[in-house]
Amino acid sequence: MTSSQSYHHGDLRRALLAAAAEAMAESGPAALSLRDLARRAGVSHAAPAHHFGDKAGLLTALATQGFELLAEALRRAGDDFRESGVAYVCFAVRHRAHFEVMFRPDLHRADDPGLTAARERAGELLRLGVARHTGRGPDVDALAAWSIVHGFATLWLAGALPDRVGPDPETAARTVVGRLFP
């Protein structure tokens with residue numbers, strides 16, 4: 001592959017991250033390889049290593065992107081506590097590969113400064129949303145709220161919820177989140 005062919009994407013880094021998310025949606029993070037990623041993106045096998053170094057670097061970038069996407073979803077939900085919880089669950093469903101990597105420090109470099117900053121931004125939005133809703137300090141309530149919406153999202157993705165929950169994650173999440181801090 002010539003160097004002119006390797007840059008046909010315009011934003012190769014973004015294209016590689018999209019290909020990684022697609023590959024992980026099919027077979028999970030364990031099966032992901034930089035060589036397969038290059039094939040999917042239509043670039044030389046060295047291109048992913050050039051951008052990310054190794055698989056841990058790729059997954060760190062994917063987790064960082066995930067926290068950025070989550071922060072944006074939480075920002076769009078605004079001050080509505082219920083909608084923030086729904087946004088969290090919808091993010092997990094729509095960005096499953098990101099979600100699966102974000103909370104797995106065994107897969108990425110948890111101390112990466114970019115990842116740390118993105119994780120803190122998303123966490124702060126969640127904590128502030130809980131504090132605005134409850135009128136109390138955000139620490140314990142935010143942990144409770146996060147645990148419930150994260151657990152619900154994880155159970156949804158695993159297909160472990162009973163059929164009576166229904167087929168729509170957004171509607172189901174709205175009901176569950178509505179039970180928090182009545």
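In what order do the elements of the protein chain run from the N terminus on? In this predicted model, the order reads α-α-α-α-α-α-α-α-α, and the chain accordingly holds nine helices and zero strands. The C-alpha trace of the protein chain spans about 60 × 35 × 30 Å along its principal axes. Of the 182 residues in the chain, 42% count as buried, while the surface that the chain exposes amounts to about 9600 Å², with 54% of that area supplied by carbon and sulfur atoms. When contacts between residues at least 6 apart in sequence are considered, 67% of them join residues that lie at least 24 apart.

Helix H2, which comprises residues 34-41, shows how burial can be distributed around a helix axis. Leu 34, Leu 37, Ala 38 and Ala 41 of H2 are buried, and because these residues cover an arc of only 100 degrees around the axis, they are placed on the same side of H2. An α-helix has 3.6 residues a turn, so residues three or four places apart point the same way. On the other side of H2, by contrast, Arg 35 and Arg 39 are exposed. The partners of the buried residues of H2 are helix H1 (12-27), helix H3 (47-52) and helix H4 (55-77), against which they pack. H2 is followed by Gly 42, a residue whose phi is positive, near 75 degrees.

Two of the helices against which H2 packs, H1 and H4, also meet each other. Two packed helices are described by the angle between their axes and the distance between the axes. For H1 and H4, the axes come within 10 Å and cross at roughly 90 degrees; since angles of 65 to 115 degrees count as roughly perpendicular, the two helices are therefore roughly perpendicular to each other. On the H1 side, the residues that take part are Arg 13, Leu 17, Ala 20, Ala 21 and Met 24, and these meet Leu 58, Leu 59, Ala 61, Leu 62 and Gln 65 in H4. Sorted by class, the contact of H1 with H4 consists of eight nonpolar residues, one polar residue and one charged residue.

Helix H4 also contains Thr 60, which has a relative accessible area of 5% and is therefore buried, given that the cut-off for burial is under 20%. When residues up to four places away in sequence are not counted, Thr 60 touches His 108, Arg 109, Asp 112 and Leu 115.

Further along the chain, Arg 96 is found in helix H6, which comprises residues 96-102. The relative accessibility of Arg 96 is 34%, so this residue counts as partly exposed, a class that lies between the limits of 20% and 50%. Although Arg 96 and Glu 26 are 70 residues apart along the chain, their C-alpha atoms are separated by 10 Å.

A further buried position is provided by His 150, which is found in helix H8 (residues 138-158). His 150 has a relative accessible area of 17% and is buried, because this value is under 20%. With neighbours within four places in sequence left aside, the residues in contact with His 150 are Tyr 88, Phe 99 and Phe 103.

Key
Residues numbered from 1 in each chain as written. Predicted model: local features only at pLDDT ≥ 70, side-chain atom pairs only at ≥ 80, totals over all residues. Heavy atoms only, no water. Helix = DSSP H or I, 4+ residues; strand = E, 2+ residues; numbered from the N terminus. Buried < 20%, exposed > 50% of the residue type's maximum accessible area, 1.4 Å probe, protein only. Contact = heavy atoms within 4.5 Å. Arc of directions from axis to C-beta. Axes fitted to C-alpha atoms, helices over the stretch in contact; angles between N-to-C directions. Parallel < 35°, antiparallel > 145°, perpendicular 65-115°, else oblique. Nonpolar A, V, L, I, M, F, W, Y, C, P; charged D, E, K, R; others polar. Areas by Shrake-Rupley, 256 points an atom, 1.4 Å probe, with all protein chains shown as cover.
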